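Please open the model in your viewer and keep the selection tool at hand, since each stop on this tour begins with something to select and then says what is there.

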Amino acid sequence: MAPDLSLIQTFLVIAESGSFTHAAEVLNCSRSHLSKQLTKLEQVLGVSLIIRTTRAQRLTEQGQLVYQECRQAMNIIDAACAQAMDITNSPKGQIKINSVGGFIGEEIVAPLVSDFVKRYPDIEVELDFSSQRVDLLLDQFDFVFRMGSLPDSNLIARKLLTLSNETMAAPAYLQQRGTPSHPKELKQHYCITGSIDHWHYQHISDPKLHAEVAISGGFKCKNGRAMIASAIAGNGIVRLPTLYCPDELANQTLVPVFSDWKVADTPVYLVYHQDPHRALRFNMFAQYVVEEFQRYSEVNYRKK
């Protein structure tokens with residue numbers, strides 16, 4: 001049976017102090033308690049570690065060996081703890097991030113992360129644009145940027161942005177196929193889809209009225225730019241955040257389809273674990289994202 005670590009720590013103090021009296025002062029306990037601790041350790045190991053008299057003490061041969069090996073091990077443990085505390089309390093180390101791709105990932109998250117790394121060069125960031133939903137614990141990510149509703153969990157979710165959505169089409173498509181007046185009529189139209197093939201609507205003047213329609217079409221893609229290009233080409237009706245295509249809406253390359261029905265807004269979140277001992281780099285990144293995300297989205301909107 002391996003001895004308790006506290007017994008080894010007590011033995012090291014006794015050996016380094018040179019006397020039970022001095023060791024008792026260092027550990028703020030009685031000499032009898034130290035004697036019992038040492039005796040217990042010797043019983044567990046089956047060897048004598050210190051020869052002691054009323055006037056002096058010295059390490060036995062086995063005691064010297066145990067002392068050297070245990071002191072080396074404790075130095076390694078102390079160094080590891082000091083390193084962990086240093087990483088926790090200073091802005092350095094690695095951050096693993098998963099994010100939605102497309103416009104949000106490429107135009108907002110990527111430049112935001114790049115500027116963060118430039119500001120804190122001792123922090124290494126690994127940015128992943130995998131489209132599937134990830135598990136922060138199983139997939140070992142520190143942060144995830146997510147869009148849409150979130151399931152209840154013990155994770156922290158900080159809302160960064162609310163995207164307004166619009167159902168749009170090229171004027172030429174609507175002239176050829178007609179303009180639907182009700183969401184249910186989308187079943188008779190070609191629709192350009194991403195990851196969602198059921199579109200939900202709410203009536204603008206009567207919020208109690210809802211409509212859900214299963215849509216289909218000849219083009220499906222999870223990239224917003226590709227969906228916009230397909231809609232401009234006249235391939236069908238598309239539903240996207242207006243942040244993705246302000247110029248197309250402004251110059252009427254794409255026009256809204258419905259005037260009485262709206263799509264629910266889409267929230268964007270930064271999701272991460274709850275941890276009372278979170279390293280400084282994680283707190284700094286979370287704070288940076290919360291403070292700067294809106295600005296990066298506005299910069300990209302003006303650039304469009």
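Begin by selecting Tyr296, which in this predicted model touches Ile108, Pro111, Leu112, Asp115 and Tyr288, leaving aside residues up to four places away in sequence. Tyr296 belongs to helix α9, which runs over residues 280–303, and with a relative accessibility of 8% this tyrosine counts as buried. If you add Leu112 to the selection, you can compare two kinds of separation: Tyr296 and Leu112 are 184 residues apart in sequence, yet their C-alpha atoms are 6.9 Å apart in space.

**The sheet beside helix α5**

Select next helix α5, residues 102–119, which packs on a sheet and touches its strands β3 (93–99), β4, β5 and β6. The direction of α5 makes about 170° with that of β4. Which strands make up this sheet, and in what order? Five strands form it as an open sheet with mixed pairing, and they follow one another as β4-β3-β5-β15-β6. At its edges you will find β4, at residues 123–128, and β6, at residues 156–163, each of which pairs on one side only. Neighbouring strands here are turned against each other by 20° on average, when direction is ignored. To look at one pairing in detail, select residues 143–147 and 266–272, which are strands β5 and β15; they run antiparallel and are joined by 5 bridges. Within this pair, Phe145 stands opposite Leu270 of β15.

**The sheet beside helix α7**

Now move to residues 224–232, which form helix α7 and pack on another group of strands, touching β8 (191–193), β11 and β12 (237–241). The direction of α7 makes about 145° with that of β12. The sheet under consideration is again open and mixed in its pairing, with 5 strands in the order β11-β8-β12-β7-β13. Its edge strands are β11, at residues 219–220, and β13, at residues 255–256, and each of these pairs on one side only. Select β7, residues 165–169, together with β13 to see two antiparallel strands joined by 2 bridges, where Met168 stands opposite Pro256 of β13.

**Strand β9 and its partners**

Select residues 198–203, strand β9, and show the side chains, which alternate along the strand: Trp199, Tyr201 and His203 point to one face and are buried, whereas His198, His200 and Gln202 point to the other face and are not. Strand β10, at residues 210–214, pairs with β9 in the antiparallel sense over 5 bridges, and a hairpin of 6 residues joins β9 to β10. In this pairing, His198 stands opposite Ala214 of β10. Strand β9 also runs antiparallel to β14, residues 261–262, with 2 bridges between them, and there His203 stands opposite Trp261.

**Helices α1 and α3**

Turn to helix α3, residues 31–45, whose 15 residues should span 21 Å at 1.5 Å a residue, and whose end C-alpha atoms are indeed 21 Å apart. Which residues of α3 are buried? They are Leu34, Gln37, Leu38, Leu41 and Glu42, and because these residues cover an arc of only 135° around the axis, they lie on the same side of α3. Lys36 and Gln43, on the other side of α3, are exposed. The buried residues of α3 pack against α1 (5–17), α2 (20–27) and β1 (50–52), while Gly46, just after α3, takes a positive phi of about 75°.

From there, select α1, which has 13 residues and reaches 18 Å from its first C-alpha to its last, close to the 18 Å expected. Its buried residues include Leu7, Ile8, Phe11 and Leu12, and the helix is followed by Gly18, whose phi is positive, near 90°.

**The cysteines**

Finally, select the cysteines, and ask how many disulfides the structure holds. There are 0 disulfides. The sulfur of Cys29 is 18 Å from the closest cysteine sulfur, that of Cys70, which is too far for a bond; Cys29 itself counts as partly exposed, at 24% relative accessibility. The sulfur of Cys245 is 15 Å from the closest cysteine sulfur, in Cys221, and this too is too far for a bond. Cys245 is buried, its relative accessible area being 0%.

How values were computed
Residues numbered from 1 in each chain as written. Predicted model: local features only at pLDDT ≥ 70, side-chain atom pairs only at ≥ 80, totals over all residues. Heavy atoms only, no water. Disulfide = S-S within 2.5 Å. Buried < 20%, exposed > 50% of the residue type's maximum accessible area, 1.4 Å probe, protein only. Pairing = 2+ DSSP bridges. Helix = DSSP H or I, 4+ residues; strand = E, 2+ residues; numbered from the N terminus. Axes fitted to C-alpha atoms, helices over the stretch in contact; angles between N-to-C directions. Contact = heavy atoms within 4.5 Å. Expected span 1.5 Å × (residues − 1). Arc of directions from axis to C-beta.
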